[in-house]
Structure formats: structure tokens, C-alpha cells
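Biologist: I've got a fold on my screen and a few things I'd like to sort out. Can you walk me through it?

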Amino acid sequence: MIREFKKLYEFASRHKVKLEPKALRKLTDILTGKEKPTRETLDKLALLAGFQNWESLKKTFEE
């Protein structure tokens with residue numbers, strides 16, 4: 001998982017996205033199943049991926 005975080009950090013740095021340690025910890029908890037993401041978190045992740053919100057991202061992958 002460390003390699004994936006390094007890739008995420010490099011991607012964020014290239015696109016001038018600042019990732020706080022708290023955000024990385026939260027992401028780790030979500031990815032490991034310790035925490036379920038809120039709708040707000042899902043919408044933010046969708047925005048980061050270039051979608052309007054979580055629903056639009058979900059619809060893209062359901063089609």
C-alpha cells in the first residue's frame with residue numbers, strides 16, 4: 001500500500017493538490033474497510049476524478 005500512496009502523492013503534487021496527513025489517514029481507513037466513506041467524501045473523490053458528483057461517477061461505471 002505504501003507504493004500506492006507514493007503514486008497518489010506524486011499525482012497530487014503534479015496537479016498541485018495538497019494532501020494533508022489527516023486526509024491520507026482517512027483514505028487508508030476507507031481502503032482498509034475500517035471506515036465507511038460519507039456521501040461528502042464520495043462526492044469529493046468524484047470531483048477529484050473529474051466528475052460532478054458520486055452519482056455521475058457511479059452511472060459512468062454502471063453503463
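Biologist: Does Thr41 count as buried or exposed?
Modeller: Keep in mind that this is a predicted model. Thr41 has a relative accessibility of 16%, and the cut-off for buried is under 20%. Because 16% falls under that cut-off, Thr41 counts as buried.

Biologist: Which side chain does the side chain of Thr41 make a polar contact with?
Modeller: Thr41 sits in helix 3. Leaving out residues up to four places away in sequence, Thr41 touches Lys26 and Ile30. For the polar contact, the distance is 3.0 Å, and the partner is the side chain of Thr38.

Biologist: And Lys7, is that one buried or exposed?
Modeller: Lys7 belongs to helix 1. Its relative accessibility is 53%, and anything over 50% goes down as exposed. So Lys7 counts as exposed.

Biologist: How far apart in space are Lys7 and Ala46?
Modeller: Ala46 is one of the helix 3 residues that meet helix 4, while Lys7 is in helix 1. In sequence the two are 39 residues apart. Going C-alpha to C-alpha, the separation of Lys7 and Ala46 in space is 18 Å.

Biologist: What span does helix 1 reach from its first C-alpha to its last?
Modeller: Helix 1 covers residues 2–14, which is 13 residues. At 1.5 Å a residue you'd expect 18 Å, and the model comes close to that. After the helix comes Lys16, with a positive phi near 55 degrees. As for the span you asked about, helix 1 reaches 18 Å.

Biologist: At roughly what angle do helix 3 and helix 4 cross?
Modeller: Helix 3 takes in residues 39–48 and helix 4 residues 54–62. Their axes come within 8 Å. The crossing angle is roughly 65 degrees.

Biologist: How many charged residues are in the contact of helix 3 with helix 4?
Modeller: On the helix 3 side you have Arg39, Leu42, Asp43 and Ala46, and they meet Trp54, Glu55 and Leu57 of helix 4. Sorted by type, that contact has four nonpolar residues and no polar ones. The charged ones number three.

Biologist: Zooming out, what percentage of the protein chain's residues count as buried?
Modeller: The chain follows the pattern α-α-α-α, with four helices and zero strands. Its C-alpha atoms fill a box of roughly 30 × 30 × 20 Å along the principal axes. The accessible surface is about 5,600 Å², 58% of it from carbon and sulfur atoms. Of the 63 residues, the share that counts as buried is 11%.

Conventions
Residues numbered from 1 in each chain as written. Predicted model: local features only at pLDDT ≥ 70, side-chain atom pairs only at ≥ 80, totals over all residues. Heavy atoms only, no water. Axes fitted to C-alpha atoms, helices over the stretch in contact; angles between N-to-C directions. Helix = DSSP H or I, 4+ residues; strand = E, 2+ residues; numbered from the N terminus. Contact = heavy atoms within 4.5 Å. Nonpolar A, V, L, I, M, F, W, Y, C, P; charged D, E, K, R; others polar. Expected span 1.5 Å × (residues − 1). Buried < 20%, exposed > 50% of the residue type's maximum accessible area, 1.4 Å probe, protein only. Areas by Shrake-Rupley, 256 points an atom, 1.4 Å probe, with all protein chains shown as cover. Polar contact = N/O pair within 3.5 Å; in protein donor to acceptor, adjacent residues only side chain to side chain.
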